[in-house]
Amino acid sequence: IILPIRLLSSNHGSLETTVLTFFLSVIIVLTVFGNLLVMVALCKDRHLRKKKTNYFIVSLAFADLLVAVVVMPFAAIELTTGYWRYGEIFCLVRTSLDVQLTTASILHLCCIALDRYYAICCQPLVYRHKMTPVRVAAMLSGCWLIPTFISFLPIMQSWNTIGIEDIVSRSSGSNDTSCVFMVNTPYALICSAVAFYVPLALMVLAYQRIYVTAMAHVRQIETLQRAGSMPMANSRMRIETKAAKTLAVIMGCFCLCWAPFFITNVVDPFIHYSVPWQLWTTWLWLGYINSGLNPFLYAFLNRAFRRAFLVILCCGNERYARQGSFSYGHAHRGCSATSVNGTSMGLRSRICVSLQHIASVSAHL
């Protein structure tokens, strides 16, 4: 998001340029396809529109789609040709859009984590009280409005270059064939905190509590299994274990894609802007790749979205829209079965509540 854009050396071989162009084009096309598919699925499937979490997912998909359509192509053109050809004003606009959209994408990930925390770790009545339609709309509005205060407002006013004007002048030279975006120390610290470190802290806390809840369910299921009163316990335990692994994949991908960039972004002003442009470019595109991974992490791993995708890709064949084998009804019927092997009614009741809640856990992960 916030980086000094250096010019790519023009003495690339034609083969290297072709390979680089192909690689960047594949990233852009897959990002557009995945996020567009998520948006179409929500528009066509009324069942997906019933869950509040899915509105965060489709808004995230829209932000990532804009990253792929508005931001990535210009970055790819500059990287493959070696110079900026669109003038100084559009350089500022493109850079502002870069900061705006990628920050919006990250804030959506934070909101999804908080929504899942309330849905999984709280009682259903608490979730309905916390995540009202008005609050969901306010959170979505914040995801789009907050980035404006660290993108268009400071960048168009040149607040990011206060105190480093000489360094910026030496980096950009006297022509308009470069798009240099350098940031002073206060801007780097504030914007990195808003765009990454604060959302990261909230996501870690939320997913840590979700992981603890999932593991508590696993222990309760093991207790029920030892009592011999729930034949479907193994299946439910696998669901909980898969949910915990999904959390690890989500956090791992997010940190892998964005942590290198934001660590470098904070360190660079303190080492006199000596980070090589090749490293900046690598970290930036690694962050862009996160916009292509988000549809797979947040939608393609969701059973309801997968059914909707199959219906879309198979030209509306409704036989792919059948419900999965595990649902709240299965949990409820399992809990209504007669207790065996002397399982106490108190333990039975507590575990049944947890089993019925597993349907909610698997639906949100």
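Student: Which helix holds Ser59 in this model?
Tutor: Good place to start, and please keep in mind that this is a predicted model. The helix that holds Asp64 spans residues 52-81. Ser59 lies in that stretch too, in helix H2.

Student: Is Ser59 buried or exposed?
Tutor: A residue is called buried when its relative accessible area is under 20%. Ser59 has 11% relative accessibility, so Ser59 counts as buried.

Student: Which residues does Ser59 touch, leaving out those up to four places away in sequence?
Tutor: One neighbour comes from well along the chain: Leu140 is 81 residues from Ser59 in sequence, with the C-alpha atoms 7.6 Å apart. Leu140 is also on the contact list. In full, Ser59 touches His108, Leu140 and Trp144.

Student: Asp64 is in helix H2 as well. How far away is the nearest side chain of opposite charge?
Tutor: Asp64 is buried and has no salt bridge. A salt bridge needs the nitrogen and oxygen atoms within 4 Å. The nearest oppositely charged side chain belongs to Arg116, at a distance of 12 Å.

Student: Then which side chain makes a polar contact with Asp64?
Tutor: Look among the residues that Asp64 touches, setting aside those up to four places away in sequence: Thr31, Asn35, Ser105, Ser291 and Asn294. One of these has a side chain joined to that of Asp64 by a polar contact of 2.6 Å, and that residue is Ser105.

Student: How many salt bridges does the count come to?
Tutor: Arg94 pairs with Glu78, their closest N and O atoms being 3.7 Å apart. This pair links distant parts of the chain, with Arg94 in helix H3 and Glu78 in helix H2, 16 residues apart. The count comes to one.

Student: Are Arg94 and Glu78 buried or exposed?
Tutor: The cut-off for buried is under 20% relative accessible area. Arg94 has 2%, so Arg94 is buried. Glu78, at 6%, also counts as buried.

Student: Which cysteines form a disulfide?
Tutor: A search of the whole structure turns up one disulfide. A disulfide needs two cysteine sulfur atoms within 2.5 Å. The pair with sulfur atoms 1.9 Å apart is Cys91 and Cys179.

Student: How many residues separate Cys91 and Cys179, and where do they sit?
Tutor: The disulfide links distant parts of the chain. Cys91 is in helix H3 (residues 87-121), while Cys179 is in the loop between helix H7 (165-172) and helix H8 (185-227). Cys91 and Cys179 are both buried. Their separation in sequence is 88 residues.

Student: Why is this disulfide called right-handed?
Tutor: The answer is in the torsion about the S-S bond of Cys91 and Cys179. The disulfide is right-handed because that torsion is about 90°.

Student: Which cysteine sulfur is nearest to Cys111?
Tutor: Cys111 is buried, at 9% relative accessibility. Cys111 is in no disulfide; the nearest cysteine sulfur is 3.4 Å away, whereas the cut-off is 2.5 Å. That nearest sulfur belongs to Cys143.

Student: And which cysteine sulfur is nearest to Cys121?
Tutor: Cys121 is in no disulfide either, as the nearest cysteine sulfur lies 6.5 Å away. Cys121 is partly exposed, with a relative accessible area of 26%. The nearest sulfur is that of Cys122.

Student: Where is Gly292, and how far is Gly292 from Ile27 in space?
Tutor: Gly292 is found in helix H10 (residues 277-300) and is buried, with a relative accessible area of 13%. Gly292 and Ile27 are 265 residues apart in sequence. In space, their C-alpha atoms are 7.2 Å apart.

Student: What percentage of residues 136-156, one of the UniProt transmembrane regions, is helix?
Tutor: The unreviewed UniProt entry lists this span and also residues 97-115 as transmembrane regions, among others. Residues 97-115 are 100% helix, with end C-alpha atoms 26 Å apart. For residues 136-156 the end C-alpha atoms are 30 Å apart and strand is 0%, while helix is 71%.

Student: Stepping back, how many helices does the chain have?
Tutor: The chain has zero strands, and buried residues make up 47% of its 365 residues. Among contacts between residues at least 6 apart in sequence, 79% join residues at least 24 apart. The number of helices is 13.

Terms used: Residues are numbered from 1 along each chain as its sequence is written. This is a predicted model: local features need pLDDT of at least 70, side-chain atom pairs count only at pLDDT 80 or more; totals for chains, interfaces and linings use all residues. Side-chain values use heavy atoms; hydrogens and water are left out. Helices (H or I, at least four residues) and strands (E, at least two) are DSSP runs, numbered from the N terminus. Buried means under 20% relative accessible area, exposed over 50%, partly exposed in between (1.4 Å probe, protein chains only). Lys and Arg count as positive and Asp and Glu as negative; His and the chain ends are not counted. A polar contact is a pair of N or O atoms within 3.5 Å; within protein, one must be able to donate a hydrogen and the other to accept it, and residues adjacent in sequence count only if both atoms are side-chain atoms. Contact means heavy atoms within 4.5 Å. UniProt positions are given in the numbering used here, feature names are shortened, and annotations may be inferred rather than shown by experiment.
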